[in-house]
Amino acid sequence: MFFEDLRIIDPILKAIENEGYTTATPIQEKAIPVILEGKDLQGFAQTGTGKTAAFAVPMLQLLYKKKETERKNINIKALVLAPTRELAIQIEESFSAYGKYTGIKNTAIFGGVSQKAQVERLKAGIDILVATPGRLLDLVQQKYINLQHIEFLVLDEADRMLDMGLGYDVKRIISKLPKKRQTMLFSATMPKEISKLIASILLNPVKVEVTPVSSTIDTIRQSVYLVEKRNKKHLLTHLLKDKSIESVLVFSRTKHNANKITSDLIKSGIQAQAIHGNKSQNSRQLALSNFKEKKIRVLVATDIAARGIDVEKLSHVINFDLPEVPETYVHRIGRTGRAGEEGMAISFCDEEEKDLLKHIEKTISKSITVIKEHPYTGSSLELSITSSDISKNKDAGKSRNARKSNTNRKDNTNRKDNTNAKDSRSNYFRKSKSKA
């Protein structure tokens, strides 16, 4: 569906076209009409589905029409809560882009930097405020912000906010808002805590859902390298020698390892920067800007810091460490293969991570192609990760009973069967030296 078919007003439609968009994504197609009707909404969509525009475009339109009929009003009318500074900045940039011809003013506030410039923008008067919970509560307490005139509330990536322990702050903020308002909540997952939050703050919400969190985008080609932990850094350097890999987002499970990965890459002559919670706000923004402007090929990030990172035409995502939560894998690789572009998602799996890989494959209901041939496949690494292993693990109880009842003769037979099975795996493994 085209944006013009969604009855978007001309000033916003012009801005959308300037950004190069004409066709709405499924979440936009479903959410925009609901929000324009003034209804509360609960949206479930994973990274890369266009959910920011799904709420930014209709909010801008509603505020624009109100502004035409109301006298000058400098009160904040819309509040968007985001879990991280990076996401807050991205959302604010989207409002600026889509609202450039409307006269609607917006700004973002977040911690980690001086509040002086943020306060000056607030004093000048804004319509839409994008904020992280901590900085918002600080400025409310200092009486720089009045939330009594909020007409629209958006909770973006609500599940991540709760994961980060921001639930209490979110509830404190909501208690300061007018009860009469339009509320929109967006989340990638639906844990019990989100269900409770929806019940407490949304009124007869319309549920909009696209691409379940267990699904991975079809345009993303996924593969996994079985490699010893000590050789991961060597394998990463080997893969990045391929100049056709234009931009890579490398995921690390810890901040310390993100720094180490970056240091190892720089020593190998590969320009890279890290982004994580221990970095200053200026350092994080510089790294992200350098990556977007292609001054560096590689950005190494932790999951929390990567929330809100939106890079056009990101060619590759590499999971240096597999995530402990399968859904996080989906979020990670969803940063490539956007807007119909083909993307590559490469994962490294060591002996300790083989169970994590199995859980990921079970969650996405798909076997990830194993790349057998690479310089760092060691004989000491014995990982039996095949689609047959996944199916066996679906009923662990039956497997245990079967093992108990096996005789020595059957054990010997099974060993022969396993040998034959290994010989027949050639169809499962796909050679891809060209992709390395």
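Accessible area here is the surface computed by the Shrake-Rupley method with a 1.4 Å probe. On that basis the protein, which is a predicted model, exposes about 21300 Å². Carbon and sulfur atoms supply 47% of that exposed area. Of the 436 residues, 53% count as buried. The chain's secondary structure adds up to 18 helices and 14 strands. As for how the chain folds back on itself, take the contacts with a separation of 6 or more: 76% of them join residues 24 or more positions apart.

The beginning of the chain is a handy place to start. The UniProt record lists two features over residues 1-29, both from an unreviewed entry: "domain: DEAD-box RNA helicase Q" and "short sequence motif: Q motif". In the model, that stretch is 45% helix and 0% strand, and its end C-alpha atoms sit 7 Å apart. Helix α1 covers residues 10-18, and its buried residues are Pro11, Ile12, Leu13, Ala15 and Ile16. After α1 comes Gly20, with a positive phi near 95°. Lys14 has an aromatic partner: Lys14 lies over the face of Tyr101, at 4.4 Å from the ring centre.

Next come the aromatic rings. A pair of rings is described by how far apart the centres are and by the angle between the planes. The count for this model comes to four aromatic pairs. In one of them, Phe55 and Phe95, the ring centres are 6.2 Å apart and the planes meet at 50°, so the pair is tilted. This pair links distant parts of the chain, with Phe55 in helix α3 (residues 51-69) and Phe95 in helix α4 (residues 85-98), 40 residues apart. Phe55 and Phe95 are both buried, and together with Phe186 they form one aromatic cluster.

Further along, strand β8 (residues 220-226) holds Ser223. Is Ser223 buried or exposed? Its relative accessible area is 5%, so Ser223 is buried. Leaving aside residues up to four places away in sequence, Ser223 touches Ala345, Ile346, Ser347, Ile368, Thr369 and Ile371. Ala345 is 122 residues from Ser223 along the chain, yet their C-alpha atoms are separated by 6.4 Å.

Asn259 offers another case, this time from helix α11 (residues 255-267). With 33% relative accessibility, Asn259 counts as partly exposed, because that value falls between the 20% and 50% cut-offs. Which residues does Asn259 touch, not counting those up to four places away in sequence? The list is Ala274, His276 and Lys279. Ala274 is 15 residues away in sequence, and the two C-alpha atoms are 6.2 Å apart in space.

Helices α13 and α14 can be taken together, thanks to Asp303 and Arg332. Asp303 belongs to helix α13 (residues 303-306). Its 18% relative accessibility is under the 20% cut-off, so Asp303 counts as buried. Setting aside residues up to four places away in sequence, Asp303 touches Phe251, Ser252, Thr328 and Arg332. With Arg332 there is also a polar contact between the two side chains, at 2.8 Å. Thr328 and Arg332 are among the buried residues of α14, alongside Pro326, Tyr329, Val330, His331 and Ile333. Why is α14 (residues 326-333) described as largely enclosed by the rest of the structure? Seven of its eight residues are buried, and that is why the description fits.

Helix α15 (residues 354-364) rounds off the tour. Its buried residues are Leu356, Leu357, Lys358, Ile360, Glu361 and Ile364. An α-helix has 3.6 residues a turn, so residues three or four places apart point the same way. Just after α15, Ser365 takes a positive phi of about 55°.

How values were computed. Residues are numbered from 1 along each chain as its sequence is written. This is a predicted model: local features need pLDDT of at least 70, side-chain atom pairs count only at pLDDT 80 or more; totals for chains, interfaces and linings use all residues. Side-chain values use heavy atoms; hydrogens and water are left out. Buried means under 20% relative accessible area, exposed over 50%, partly exposed in between (1.4 Å probe, protein chains only). Helices (H or I, at least four residues) and strands (E, at least two) are DSSP runs, numbered from the N terminus. A polar contact is a pair of N or O atoms within 3.5 Å; within protein, one must be able to donate a hydrogen and the other to accept it, and residues adjacent in sequence count only if both atoms are side-chain atoms. Contact means heavy atoms within 4.5 Å. Rings of Phe, Tyr and Trp (its six-membered ring) pair if their centres lie within 6.5 Å; planes under 30 degrees apart count as stacked, over 60 as edge-to-face and the rest as tilted. A charge sits over a ring if NZ of Lys or CZ of Arg is within 6 Å of the ring centre and within 35 degrees of the ring normal. UniProt positions are given in the numbering used here, feature names are shortened, and annotations may be inferred rather than shown by experiment.
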